[in-house]
Amino acid sequence: MCLAVPGRVLEIAEENGTRMATVDFGGVVKEVCLEYLPDLQVGEYAIVHVGFALQRLDEESARQTLELFSELGMLQEEFGDPWEQAAQAGGAPWPFEEAAPADEGAGDGGRPEGPAAGHVAQEARQ
């Protein structure tokens, strides 16, 4: 889902003829295009959608919205790591845990398991 998220303008600069801003979305900082709000100033809030500031917003409304989005987990959904989100949706742990090394003292003699096991065993017989 794509959200229009309120953010606070931290810096404004021109990049290749386009007015851009560094915007803070409740702790997540992103670059945003200001072409639709050319008079937006540092310290003001705007609603941002897909990288474009679309509408000026008062500070209290912005804070209330950011708080609500945070409580609902929507900021993580919008700005979080997409790989982490996909892993969690698939039931995998994050960060991925590395498999523990095989215990050589175990009863398997340290032989590999899984698809490679048959291949290694076959090569050892030759």
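Two strands pair if DSSP finds at least two bridges between them. Helices (H or I, at least four residues) and strands (E, at least two) are DSSP runs, numbered from the N terminus. The structure is a predicted model, in which local features need pLDDT of at least 70 and side-chain atom pairs count only at pLDDT 80 or more, while totals for chains, interfaces and linings use all residues. Residues are numbered from 1 along each chain as its sequence is written, and side-chain values use heavy atoms, with hydrogens and water left out.

**Exercise 1. Describe the strand pairing from β1 to β3 and the hairpins.**

Step 1. Strand β1 (residues 5-15) pairs with strand β2 (residues 18-25) in the antiparallel sense over seven bridges. Within this pairing, Glu11 is opposite Thr22 in β2.

Step 2. The hairpin of β1 and β2 has two residues between the strands, and Asn16 adopts a positive phi near 55° there.

Step 3. Strand β2 also runs antiparallel to strand β3 (residues 28-33), to which six bridges join it. Val23 has Lys30 in β3 as its bridge partner.

Step 4. Two residues lie between the strands in the hairpin of β2 and β3, where Gly26 has a positive phi near 60°.

**Exercise 2. Characterise the aromatic pair found in the whole structure.**

Step 1. Rings of Phe, Tyr and Trp (its six-membered ring) pair if their centres lie within 6.5 Å; planes under 30 degrees apart count as stacked, over 60 as edge-to-face and the rest as tilted. A search of the whole structure gives one aromatic pair.

Step 2. Tyr36 and Phe52 form this tilted pair, with 5.4 Å centre to centre and 40° between the planes.

Step 3. Because Tyr36 is in the loop between β3 and β4 (45-49) and Phe52 is in strand β5, the pair ties together parts that are 16 residues apart in sequence.

Step 4. Are the partners buried or exposed? Buried means under 20% relative accessible area, exposed over 50%, partly exposed in between (1.4 Å probe, protein chains only). Tyr36 is exposed at 54% relative accessibility, and Phe52 is partly exposed at 31%.

**Exercise 3. Determine where the model has its lowest and highest mean confidence among the elements.**

Step 1. The pLDDT is the predictor's confidence in each residue, from 0 to 100. The protein averages 74, and 57% of the residues score at least 70.

Step 2. Among the elements, helix α4 (residues 115-125) has the lowest mean pLDDT, 42, and strand β5 (residues 52-57) the highest, 95.

Step 3. Over residues 103-126 the pLDDT is below 50, and this stretch has four contacts (heavy atoms within 4.5 Å) in the model beyond near neighbours in sequence. Where pLDDT is low, the predicted coordinates should not be read in detail.
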